[in-house]
Amino acid sequence: MFFIRLMGILVVLATLCFGGQITLQVLELKSYEAPPSVWPPK
Amino acid sequence: MGKVLRFFVILLFLMAAAAVWLEYTLFQRRVERKTSVQTLEKAVMDIAQTLTAPKEPYIEAIDQKISQNGLMNSATMGTQLRVLETLADNRYEQLFTTKDDLKKTQDELSKTQAELAQTKQDLDTARKEIASLNERITQKETELAGLQQKIGAIETQMAELNRTIEDRKAQIAKIEAEKTEINDENQRLEVELARYLNDPNIVKQMPKGLSGKIVVVNPDWNFVVLDIGTQEGLVNNAYMLVHRADQLIGRVRITNAQAHMAIADIQNDWVSAPLQEGDRVLY
């Protein structure tokens, strides 16, 4: 029973980690479409 | 509990697949972006080198360079790009100046070409005039040669005529001399004849300029004695003027001419002062 709970917690944590990674990847992908402009310099 | 766990496991697999797919897409994008950035960096460096490089003999080098490390850093990339823009501005300014100079030069060239065309036209006209003048000169030279020949002939004739004139003058002078001699002889003979004939009309044939001096004055008998006579050319009945220095004071008439002396009557109508010994007589 304890092992099953531990597995459940790990799965949830892994899901959250994957979710964060996917979010970061999507943001990076979006940034390629509109890259930050450095021109003209201030 | 098992169903919930199963759901999360399935969700976990799905999310892992999505993460793999996203990572794959991002990898492709990164490769593409990296290639683009490298290409841009190389292009920027090439442009900067082209802009700063000299091109003999007209374009001078610009001592300003782009740092490749600075170009690769987003914080300093703008500065390097500003340097590139400055280089481009400088070259553009040079190009503008060159274009302006070129425009001025083209205008001057057009003006010069127009002047050259006018000058060529004037030159052609001048050449034609020169050719015409040369023809006239040749014609005039031919005429001049003919005239010079005529002048030469005329000069020859003139020389002959001058010689003839000289001969004639010499003959005339000779004749004049003979004439003078004959006149003198004639005059002498007339005087001689008058002396023998005692002709008062020939008195005037006495020698011109005959002069003498009064040596005796007799106011009572109204005559004088002169120191010249027939040997000097004096004839009877001749009238001679009496003067004292530059003053004319009277006139006398020869009444008796001897060889070297003569007696003359005083013409009272002519006497302005009493005659004295030493007064001069002149014919």
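Under the rule used here, rings of Phe, Tyr and Trp (its six-membered ring) pair if their centres lie within 6.5 Å, and planes under 30 degrees apart count as stacked, over 60 as edge-to-face and the rest as tilted. Over all chains, the count comes to one aromatic pair. That pair is B:F7 with B:F8, an edge-to-face arrangement with 5.8 Å centre to centre and 75° between the planes. This is a predicted model, in which local features need pLDDT of at least 70 and side-chain atom pairs count only at pLDDT 80 or more, while totals for chains, interfaces and linings use all residues. Residues are numbered from 1 along each chain as its sequence is written, chains are lettered from A and ligands numbered from 1 in the order in which they are written, and side-chain values use heavy atoms, with hydrogens and water left out.

Another ring has a charge for company: the charged end of B:R251 sits over the ring of B:Y239, 4.2 Å from its centre. To count, NZ of Lys or CZ of Arg must be within 6 Å of the ring centre and within 35 degrees of the ring normal.

Now to the inside of chain B. A nonpolar core is a set of buried Ala, Val, Leu, Ile, Met, Phe, Trp, Tyr and Cys residues joined through side-chain atoms within 4.5 Å. Here buried means under 20% relative accessible area, exposed means over 50%, and partly exposed is in between (1.4 Å probe, protein chains only). The largest core has 23 residues, and B:V224, B:L226, B:M240, B:V252 and B:I254 have the most contacts inside it. In chain B, β1 (211-218), β2 (223-226), β3 (239-244), β4 (247-257) and β5 (262-267) each supply at least two residues of this core. The biggest giver is β4(B), with four residues. Helices (H or I, at least four residues) and strands (E, at least two) are DSSP runs, numbered from the N terminus. Apart from this core lies another, of ten residues, among them B:L51, B:I62, B:I66 and B:L84.

Next comes helix α1 (residues 2-52) of chain B, whose 51 residues should span 75 Å at 1.5 Å a residue; its end C-alpha atoms are 73 Å apart, which agrees. The expected span is 1.5 Å times one less than the number of residues. Buried residues of α1(B) include B:L12, B:M15, B:L22, B:T25 and B:L26.

How do the two chains meet? Contact means heavy atoms within 4.5 Å, and 23 residues of chain B are in contact with 20 residues of chain A. About 2000 Å² is buried between them, of which carbon and sulfur atoms give 78%. Buried area is the accessible area (1.4 Å probe) that two parts lose on being put together, summed over both. B:L12, B:M15 and B:L26 supply 24% of the area that chain B buries against chain A, more than any other three residues. On the other side, A:L29 lies in helix α1 (residues 2-33) of chain A. A:L29 counts as buried, because its relative accessibility is 16%. Leaving out residues up to four places away in sequence, A:L29 touches B:L22, B:T25, B:L26 and B:R29.

Finally, some backbone surprises. Most residues other than glycine have a negative phi, and most peptide bonds are trans. Two residues of chain B go against the phi pattern:

| Residue | Phi | Loop of chain B | Relative accessibility |
|---|---|---|---|
| B:N237 | about 70° | between β2 and β3 | 23%, partly exposed |
| B:A245 | near 60° | between β3 and β4 | 65%, exposed |

The peptide bond from B:E56 to B:P57 is cis, with omega near 0°. B:P57 is placed in the loop between α1 and α2 (68-72) of chain B.
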